[in-house]
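Here is a short report on a two-chain model. Read it with the structure open.

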Protein chains: 2
Amino acid sequence: MSQSTVDQLGFLRRLRAVKDYTTEPIAEEAIQDILEVGRWTGSGANKQPWEVIVVRDPDVQQKFGDWGAKPAATAGVVLLIVSASDGAAFDEGRLAERLVLGAAAHGLGSTVATLKGEGPASARELLGIPPERRVTTLVAIGHTDVEVRGARPKNPQARKPMDEFAHWDRF
Amino acid sequence: MSQSTVDQLGFLRRLRAVKDYTTEPIAEEAIQDILEVGRWTGSGANKQPWEVIVVRDPDVQQKFGDWGAKPAATAGVVLLIVSASDGAAFDEGRLAERLVLGAAAHGLGSTVATLKGEGPASARELLGIPPERRVTTLVAIGHTDVEVRGARPKNPQARKPMDEFAHWDRF
């Protein structure tokens, strides 16, 4: 196996959701890089059924937190995904995964979080988003607070075992 | 910017869908690595609403191709995603994105493709998948046929420009 294969597999495997952030601001260059990674995400028939709103206003972030996306409140930046419609959920998942990986490439922690209940409707009104759009998912990004994160209890069985995940030839 | 940031951003940005494969078989070690990357994908409330069927039977792959997922027919291996239900589409998108990145880490080409029309129902019957499951998406993986791929016409504007993708502060 080449060194770049080892490095890239390690990069992908190390990714974990991070919800504890320091107050250190995020460099605009990093945000631009993450957006550029997201912009090139593949989608069905290359429809790119998405846009992203970059939010760094603490008041708006606090509202996202109140609306169910808790990590948004303390993040350094929030990328709110605005999709064409609920039919775009699969492609939106592809985009979200690339945004968290783009953040990880910059050594930043991040997590996917969702607006719940009245959250999507409230976010549409607050940010001027047309009513037909899907506004469910955001990616919260920040410098990882290593101390707070390290103090959390660890989940001993964080993923199902391989033989429950993958089947060969048949279900 | 550190060298690993440059390398990882480059790895993410270089990813493109590949639909032209040679007949060279895929090493089982590579398949295991790709599955391992997929197994650790994040999901809402860590529900992991998915399983994967590894398909290397040319007859089954040809059927997937006939059912609308054309690249499956000539791929070295197909990873068919079986999800809990249609509500899992977002998480399924995250998983699919990681599977294509895992393949790219091994220098393999891949693409996301979907079963259309009667395809999902036929695949369920053929592979023993319960009827309530979502069976829409597969990832086709193979050694890139550089010659055939290079001969295809290039799309000059493959993604929308940044100012149509990202907004700052408001929609």
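Leu138(B) is in contact with Phe64(B), Ala69(B), Ala72(B), Val78(B), Leu79(B), Leu80(B), Ile81(B) and Ala113(B), once neighbours within four places in sequence are set aside. Leu138(B) also ranks among the residues with the most contacts inside the largest nonpolar core. The others named there are Leu80(A), Leu138(A) and Leu80(B). That core has 90 residues. In soluble globular proteins, nonpolar side chains tend to be buried together.

The model is predicted. Its scores are ipTM 0.96 and pTM 0.97. Chain A has a mean pLDDT of 96, and 99% of its residues reach 70 or more.

**The contact between the chains**

How many residues does each chain bring to the contact? Chain A gives 54 residues and chain B gives 54 residues. On chain A, at least two residues each come from α1 (3-14), α2 (28-39), β1 (50-55), α4 (89-105), β3 (109-114), α7 (162-165) and β5 (166-168). The largest share is that of α4(A), with twelve residues. By class, this side of chain A holds 25 nonpolar, 13 polar and 16 charged residues.

**Two sheets that take strands from both chains**

One open sheet has five strands, in the order β3(A)-β4(A)-β2(A)-β1(A)-β5(B). Its pairing is mixed. β3 of chain A and β5 (166-168) of chain B stand at the edges. Each has a single partner strand, so one side of each is left without a neighbour in the sheet. From one strand to the next, the twist averages 25 degrees.

β1(A) and β5(B) run parallel and are joined by three bridges. Within that pair, Ile53(A) has His167(B) as its bridge partner. α4(A) packs on the sheet and touches β1, β2 (77-83), β3 and β4 (137-142) of chain A. The direction of α4(A) makes about 0 degrees with that of β4(A). α4(A) thus appears in two roles: it packs on this sheet, and it supplies twelve residues to the side of chain A that touches chain B.

A second open sheet of five strands runs β5(A)-β1(B)-β2(B)-β4(B)-β3(B), again with mixed pairing. Which strands form its edges? They are β5 of chain A and β3 (109-114) of chain B, and each pairs on one side only. Neighbouring strands here are turned by 25 degrees against each other on average, direction ignored.

The table lists strand pairs with their bridges.

| Strand pair | Sense | Bridges |
|---|---|---|
| β1(A) and β5(B) | parallel | three bridges |
| β5(A) and β1(B) | parallel | three bridges |
| β2(B) and β4(B) | antiparallel | four bridges |

Single residues mark these pairings. Ala166(A) has Val52(B) as its bridge partner in β1(B). Val77(B) stands opposite Ile141(B) in β4(B).

**Ile141 in chain A**

Ile141(A) is found in strand β4 of chain A. Is Ile141(A) buried or exposed? It counts as buried, because it has 28 C-beta neighbours inside 10 Å, and 20 or more are enough for that class.

Ile141(A) touches Ile26(A), Ala75(A), Gly76(A), Val77(A), Leu79(A), Ala103(A), Leu108(A) and Ser110(A), residues up to four places away in sequence not counted. One of these, Gly76(A), is 65 residues apart from Ile141(A) along the chain. Their C-alpha atoms are separated by 5.9 Å.

How values were computed: Residues are numbered from 1 along each chain as its sequence is written. Chains are lettered from A and ligands numbered from 1 in the order in which they are written. This is a predicted model: local features need pLDDT of at least 70, side-chain atom pairs count only at pLDDT 80 or more; totals for chains, interfaces and linings use all residues. A nonpolar core is a set of buried Ala, Val, Leu, Ile, Met, Phe, Trp, Tyr and Cys residues joined through C-beta atoms within 7 Å. A residue is buried if 20 or more other C-beta atoms lie within 10 Å of its own, exposed if 12 or fewer, and partly exposed in between; C-beta atoms are placed from the backbone. Two residues are in contact if their C-beta atoms, placed from the backbone, lie within 7 Å. pLDDT is the predictor's confidence in each residue, from 0 to 100. Ala, Val, Leu, Ile, Met, Phe, Trp, Tyr, Cys and Pro count as nonpolar, Asp, Glu, Lys and Arg as charged, and the others, Gly among them, as polar. Two strands pair if DSSP finds at least two bridges between them. Axes are lines fitted to C-alpha atoms, for helices over the stretch in contact, and angles run from 0 to 180 degrees between N-to-C directions.
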